[in-house]
Amino acid sequence: MEVSTAMWTAVVVGAVAVYWFVWVMGAAEVKGKRAVNLTMGSITRDKVQDKYKQYWSFFRRPKEDIVAASDNDNVPAFVDTFYNLVTDIYEWGWGQSFHFSPSIPGSSHRDATRLHEERAADLIAARPGRRILDVGCGIGGPMRAIAAHSSAHVVGITINEYQVARARAHNRKAGLHERCEVVCGNFLEMPFDDASFDGAYSIEATCHAPRLEDVYREVFRVLKPGALYVSYEWVTTALYQADNPAHVETIRGIERGDALPGLRAHHEIAEVARQVGFEVVAERDQALPPAEPWWTRLKMGRIAYWRNHLVVSVLAALRIAPKGVVDVHEMLCETARHLSDGGETGIFTPMHIILCRKPLVPAS
Ligand SMILES: C=C(CC[C@@H](C)[C@H]1CC[C@H]2C3=CC[C@H]4[C@H](C)[C@@H](O)CC[C@]4(C)[C@H]3CC[C@]12C)C(C)C
Ligand SMILES: C[S@@+](CC[C@H](N)C(=O)[O-])C[C@H]1O[C@@H](n2cnc3c(N)ncnc32)[C@H](O)[C@@H]1O
């Protein structure tokens with residue numbers, strides 16, 4: 001082979017390899033976000049690494065310090081930073097719904113996710129003409145599934161501005177923008193009138209509240225009397241032992257890597273709901289058998305995480321992705337390990353479901 005032919009062959013093979021690596025491998029989810037488009041939310045490129053360090057130093061401290069009164073007020077700001085750092089990676093590697101669901105043999109993750117979301121809509125009797133609140137809506141995966149399933153009008157709230165933009169873009173693309181509204185705000189002080197919603201749900205979002213009563217009280221305020229609220233809570237189960245160092249390490253790992261001021265125990269949830277005035281209609285851990293494990297997808301993804309790590313490292317080296325993206329990705333790999341451990345040992349569940357009703361007549 002002539003030298004020039006060999007060179008041209010090398011160039012073509014190289015170009016195909018780069019295309020495949022970035023465009024094909026780079027799209028971890030079908031039709032999802034691509035690795036070349038990984039930004040870091042509303043953070044400018046040069047600030048990503050600093051913001052990551054700030055986030056990490058906040059959530060790495062002893063739990064007692066985070067929960068201490070003076071720091072509580074800072075939690076929503078750090079949660080916002082966290083979602084600037086992870087939103088694109090979540091969308092790229094997981095999809096538009098930022099939560100878990102029990103796996104369903106023979107069904108895709110996408111279908112299992114949708115069914116888990118539709119369950120929330122059915123539990124609160126979402127239907128056409130009803131105005132439903134999505135507390136902590138992310139980029140709106142559940143909101144779109146619920147609006148499509150029930151034909152209700154869904155209003156989502158998230159603290160993160162970048163997520164608002166992503167959610168609105170997806171709503172429009174799905175043709176659901178007239179039924180799905182997105183508001184940027186803090187669910188601890190919601191910009192909604194009293195008794196202005198016919199139902200509400202929160203999927204794996206209220207775990208970010210430093211005090212659960214603050215968010216439940218707000219949901220109670222904006223619901224009409226008789227309306228239902230369902231929440232999918234992250235909690236430690238009855239199997240968790242606070243004197244078992246391995247358990248403590250797993251739970252601390254989950255808290256650190258998921259911007260949680262402190263996981264609650266399963267028995268605390270209903271107490272808080274009643275304390276703010278709700279009637280508790282039902283409560284169960286949706287992860288318990290006969291449900292299939294929710295952590296399978298997380299665990300099976302290990303090879304994909306390694307591949308993703310390679311992709312983000314190359315993109316960061318080429319300065320296509322911001323520098324801090326590699327650190328953030330590393331943190332997520334570690335978090336995935338703790339979450340799988342929490343699921344396998346049964347000490348943690350991300351789907352402790354509580355269904356509440358605002359009484360027709362206020363309790364005396
Ligand atoms: C409810 C919350 C988020 C739950 C999950 C949606 C996310 C928890 C951990 C995330 C991930 C871990 C590993 C990542 C992987 C290394 C990367 O290559 C691709 C994305 C991940 C799979 C990522 C996806 C989202 C999670 C599963 C919390 C924050 C309250
Ligand atoms: C893990 S995501 C879940 C998103 C969505 N429920 C889903 O399942 O796709 C948690 C969401 O809660 C939101 N959140 C956390 N703390 C918040 C707060 N104080 N006010 C409003 N939203 C908040 C985050 O911005 C994020 O959108």
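Guide: A molecule sits in a cavity or pocket if more than half of its atoms lie within 2 Å of its grid points, and by that test ligand 2 sits in the largest cavity. This is a predicted model, in which local features need pLDDT of at least 70 and side-chain atom pairs count only at pLDDT 80 or more, while totals for chains, interfaces and linings use all residues. Residues are numbered from 1 along each chain as its sequence is written, chains are lettered from A and ligands numbered from 1 in the order in which they are written, and side-chain values use heavy atoms, with hydrogens and water left out.

Visitor: What makes the space of about 850 Å³ a cavity?

Guide: On a 1 Å grid over the protein atoms alone, a cavity is a set of points where a 1.4 Å probe fits but cannot get out. A search of the whole structure finds 1 cavity of 30 Å³ or more, and the volume of the largest cavity, taken as the space filled by probe spheres set on the points, is about 850 Å³. Its lining (residues with an atom within 4 Å of a point) counts 46 residues, and those closest to its centre are Tyr-83, Tyr-90, Phe-98, His-99 and Asp-258. The elements that give two or more residues to this lining are α5, β2 (153–158), β4 (197–203), α13 and α14, with the largest share, 7 residues, coming from α5.

Visitor: What makes a residue part of the shell around ligand 1, and which come nearest?

Guide: A residue is near a molecule if one of its heavy atoms lies within 4 Å of it. There are 22 such residues around ligand 1, and Tyr-83, Trp-234, Tyr-305, Asn-308 and His-329 come nearest.

Visitor: How do you know that Asn-308 has a polar contact with ligand 1?

Guide: A polar contact is a pair of N or O atoms within 3.5 Å. A polar side-chain atom of Asn-308 lies 2.7 Å from an oxygen atom of ligand 1, so this pair meets the limit. His-329 also offers a polar side-chain atom, at 2.6 Å from an oxygen atom of ligand 1. Taken alone, ligand 1 exposes 630 Å², and the protein buries 100% of that, with areas coming from the Shrake-Rupley method and a 1.4 Å probe. Two or more residues of the shell come from each of α5 (75–93), α13 (302–317) and α14 (325–345).

Visitor: How do you know which atoms hold ligand 2 in polar contacts?

Guide: Among the pairs, an oxygen atom of ligand 2 is 2.7 Å from a polar backbone atom of Phe-98. A nitrogen atom of ligand 2 is 3.1 Å from a backbone N or O atom of Ile-159, and a polar side-chain atom of Asn-186 lies 2.9 Å from a nitrogen atom of the ligand. The protein buries 98% of the 590 Å² that ligand 2 exposes when taken alone. In all, 19 residues surround ligand 2, and Phe-98, Gly-136, Thr-158, Gln-163 and Phe-187 are the closest.

Visitor: What makes the phi of Ser-151 and the bond from Pro-289 to Pro-290 worth a look?

Guide: Most residues other than glycine have a negative phi, and most peptide bonds are trans. Phi of Ser-151 is near 65 degrees, a positive value, and this residue lies in the loop between α7 (141–150) and β2. The peptide bond from Pro-289 to Pro-290 is cis, with omega near 10 degrees, and Pro-290 is found in the loop between β7 (279–285) and α12 (296–300).

Definitions and conventions. A polar contact is a pair of N or O atoms within 3.5 Å; within protein, one must be able to donate a hydrogen and the other to accept it, and residues adjacent in sequence count only if both atoms are side-chain atoms. Helices (H or I, at least four residues) and strands (E, at least two) are DSSP runs, numbered from the N terminus. On a 1 Å grid over the protein atoms alone, a cavity is a set of points where a 1.4 Å probe fits but cannot get out, and a pocket is an open set with protein on both sides within 12 Å along at least five of seven lines; lining residues have an atom within 4 Å of a point.
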